[in-house]
Amino acid sequence: MKKLLTLSLLGGFLLGNVTYPLLTGYMSADLILGDETFPALRVWDFTDRLINTRLFVSNTARSEGDTPAFFYTQIPPGVSGAHSPIASAVRSEGSAEAVGGFFYSETEGPGPAFGSNSFAATYSGAPAIGLEVNGLNFSGDPGVPVRGMDIVNGGNAATQWALGIETSNNQPEGKPKIGIMLAGSAHGFFHAPASESGIVVDHIDSGEAIRIQAGDHISFNNEGTVSMKYNPETNQIEFYNKDELKFAIPM
């Protein structure tokens, strides 16, 4: 069986090379598989956006909702542990950069382009995490730059924001209770979220480091009872203990 498969792949590869000039303009492919070889899958008349990647599969969408590739795994009730339909790993033993996964999307029309889109849903009440990002430092050197998430915006014009948190237009009742959480012991987690600073803001071009809406509070305790706000009706900065105004600065 193994020999028959090898001969079939080799024959298909040779036939593809011999008939290449005759089939220009049609969809065809050369497939080479083997340990320590250069596997290649090419579909003609498409542009490889990953700079001559070893494995390239292309598909032309033909209808609304057409999914080019779909990997699905069903986990029966009696099976436990972590399972993933798609998994990739890369190891660098020299100066090369190791990237576990790469996603790219582009658009030249009115439709949006999403580099990646992650969903996690729960129907049982068990936790659902849309995306978990881990930055791990196993070097023993605390000075190594390890970041859980690094967001880089670019292009030839200004972008809207680097990190945005919105509420679903279709299901607004699912809005988060807290927009951004630095979780620690006060919220049931074992350790503090950071050892030096909760949030660090470097120099901003406009000089405006933080902006909040008029009338909103900034709280200074976990219960939210000690706070300050700018009151646009009185045009003053006000300090509160619970609902009692303690001090005000006219603007």
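The lining of the second largest pocket consists of nine nonpolar, four polar and three charged residues; here Ala, Val, Leu, Ile, Met, Phe, Trp, Tyr, Cys and Pro count as nonpolar, Asp, Glu, Lys and Arg as charged, and the others, Gly among them, as polar. This pocket has a volume of about 990 Å³. Of its 16 lining residues, Ile-180, Ile-199, Ala-209, Ile-210 and Arg-211 are the closest to the centre. A pocket is an open set of points on a 1 Å grid over the protein atoms alone where a 1.4 Å probe fits, with protein on both sides within 12 Å along at least five of seven lines, and lining residues have an atom within 4 Å of a point. The volume is the space filled by probe spheres set on the points.

The model is predicted: local features need pLDDT of at least 70 and side-chain atom pairs pLDDT 80 or more, while totals for chains, interfaces and linings use all residues. Residues are numbered from 1 along each chain as its sequence is written, and side-chain values use heavy atoms, with hydrogens and water left out.

The chain has one helix and six strands, in the order α-β-β-β-β-β-β from the N terminus. Helices (H or I, at least four residues) and strands (E, at least two) are DSSP runs. Of the 251 residues, 7% count as buried, that is, under 20% relative accessible area, with exposed over 50% and partly exposed in between (1.4 Å probe, protein chains only). Among contacts (heavy atoms within 4.5 Å) with a separation of 6 or more, 3% join residues 24 or more positions apart.

Strands S5 (residues 236-241) and S6 (residues 244-250) pair in the antiparallel sense over six bridges; pairing requires at least two bridges found by DSSP. Ile-237 has Ile-249 in S6 as its bridge partner. Two residues lie between the strands of this hairpin, in which Lys-242 takes a positive phi near 60°.

Two residues are set side by side below.

| Residue | Location | Relative accessible area | Contacts beyond four places in sequence |
|---|---|---|---|
| His-187 | loop between S2 (40-41) and S3 (217-219) | 40%, partly exposed | Met-181 and Asn-222 |
| Asn-231 | strand S4 (residues 226-231) | 11%, buried | Gln-236 and Glu-238 |

His-187 and its contact Asn-222 are 35 residues apart in sequence, and their C-alpha atoms are 9.1 Å apart.
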